[in-house]
Amino acid sequence: MLIEKLKPIIARNEELAALLSTQEVLSDMEKLKKFSIEKSESDEIAHKAKEYLKVLDDIASNKSLLDDKDLGELAKEELKELELKELELQNDIKILLIPRDPNDKKNIYLEIRAGTGGDEAGIFVGDLFGTYCRYADSKKWYVEIISSSENSVGGYKEIIALIKGDGAYSRLKYEGGTHRVQRVPKTESQGRIHTSAITVAIMPEVDSLEIAINPNDLKIDVFRSGGHGGQSVNTTDSAVRITHIPTGITVSMQDEKSQHKNKDKALKILQARLYEAELQAQIAQNHEVRKNQVGSGDRSERIRTYNYPQNRITEHRINLTLYSLEEIMLNGDLDKIVDPLIAHTQSLLLGSE
């Protein structure tokens, strides 16, 4: 029964509130941080649970008054409102009881790469990255470009960025996959519509405790940084290429003038890619998890189409079509897509219980 699930949650939340006011916890930073996070994560469901139990008490009270000559009609009216509130709270609580993705609160590495479509694909890499930046700004997140490689017409072959902020992964994890754009390219003189594609990868930022890398598994090469057109960025061998021998995953970094900084950045991205590969392997093995994925994040999966002539954006995974493409791209208003994706995921998870 739902009530039996909620009582221990309320009790633990109240216990944590009491613990956080004790001198023992206040003087121990590790315990203080641990208990503060646990309480913060349980506050919302504990509040909803208390509200739900009160509504159940109020329903019972009103039912006991239904045969009362003076208060029966009033109790009957209040009962309708309370029963609607009960259903609303039940739904909210069921969603809050869904096990949380342990990565949801993490920062992310965002990788966008040009695919089919030549220069136009590279231009769209820049356009979509700009949309992500505006979305991040609306959430008060911080965006740091880790690496970028420009093409000859002002677009990008690739952009890698670190996005820091509470809930960045929880909101942007749905962006992984192939994004297709249909429009007249800036480079097209005949006015013909072209179809291009780019790939997006979203990887949670991880530390060495979460994904250990054996130094003996790494092949590290250094070389001279090359800029646009092949010219040398500097005269020292500061660029770094790290290959993880067991998986063949390779990361190159040359944006920094310091070899040490390039190596450090490359290692962090390698950790994220290895962690992502591990997650994908788990999803592939677990039928129930795979069934409840709106998108696995597989770059080969076409997830969205941006049709500029019709001002249309289509999210293929949930058959969502919006005729506000320009507004979404220019304002970074991705919540119009992200919120329905989250709601769809929640409905799948609730249906699998």
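Helices α3 and α4 are roughly antiparallel to each other, a label for angles over 145 degrees, while angles under 35 degrees count as roughly parallel, 65 to 115 as roughly perpendicular and the rest as oblique. The model is predicted, so local features need pLDDT of at least 70 and side-chain atom pairs count only at pLDDT 80 or more, whereas totals for chains, interfaces and linings use all residues. Residues are numbered from 1 along each chain as its sequence is written, and side-chain values use heavy atoms, with hydrogens and water left out.

The angle between α3 and α4 (residues 72–96) is about 155°, and their axes are 9 Å apart. Axes here are lines fitted to C-alpha atoms, for helices over the stretch in contact, and angles run from 0 to 180 degrees between N-to-C directions. Helices (H or I, at least four residues) and strands (E, at least two) are DSSP runs, numbered from the N terminus. The crossing of α3 with α4 is left-handed; this term applies if the near helix is turned anticlockwise from the far one by less than a right angle, and right-handed applies if clockwise.

Which residues in α3 meet α4? Among them are Ile-45, Ala-49, Tyr-52, Leu-56 and Ile-59, and the residues they face as a group in α4 include Leu-79, Leu-82, Leu-89 and Ile-93. Contact means heavy atoms within 4.5 Å. Sorted by class, the contact of α3 with α4 holds 12 nonpolar, two polar and 10 charged residues. Ala, Val, Leu, Ile, Met, Phe, Trp, Tyr, Cys and Pro count as nonpolar, Asp, Glu, Lys and Arg as charged, and the others, Gly among them, as polar.

Helix α3 (residues 29–64) also packs with α1 (residues 2–19), at an angle of about 135° and with the axes 8 Å apart. The pair α1 and α3 is therefore oblique. Their crossing is left-handed. From α1, residues including Leu-6, Ile-10 and Leu-16 take part in the contact, and from α3 the participants include Phe-35, Ala-46 and Leu-53. This contact of α1 with α3 divides into 15 nonpolar, two polar and six charged residues.

Beyond these helices lie the sheets. An open sheet of eight strands has mixed pairing and the order β2-β3-β1-β5-β4-β9-β10-β11. Its edge strands, each pairing on one side only, are β2 and β11 (320–322). Neighbouring strands of this sheet are turned by 15° against each other on average, direction ignored. Two strands pair if DSSP finds at least two bridges between them.

At one end of that order, β2 (residues 142–150) and β3 (residues 156–164) pair in the antiparallel sense over eight bridges. Ser-148 stands opposite Ile-159 in β3. The two strands form a hairpin with five residues between them, and Gly-154 in the turn has a positive phi of about 90°. Strands β4 (residues 177–183) and β9 (residues 302–307), by contrast, run parallel and are joined by five bridges. Arg-180 has Thr-305 in β9 as its bridge partner. Helix α10 (residues 335–351) lies across β9, β10 (312–315) and β11, running at about 165° to β11.

Is Ile-163 of strand β3 buried or exposed? Ile-163 counts as buried because its relative accessibility is 1%; buried means under 20% relative accessible area, exposed over 50%, and partly exposed in between (1.4 Å probe, protein chains only). Not counting residues up to four places away in sequence, Ile-163 touches residues including Ile-108, Leu-110, Trp-141 and Leu-172. Ile-163 and Lys-106 are 57 residues apart in sequence and 9.4 Å apart in space, C-alpha to C-alpha.

The other open sheet has three strands in the order β6-β7-β8, with antiparallel pairing. Strands β6 (218–223) and β8 (249–253) are its edges, each pairing on one side only. Strand β7 (residues 239–244) is joined to β8 by five bridges. One bridge partner pair is Val-240 and Met-253, the latter in β8. Both of these residues are touched by Asn-262, which is found in helix α7 (residues 259–285). Asn-262 counts as buried, at 0% relative accessibility.

Finally, the whole chain: there are 10 helices and 11 strands. Buried residues make up 41% of the 353 residues. Among contacts between residues at least 6 apart in sequence, 59% join residues at least 24 apart.
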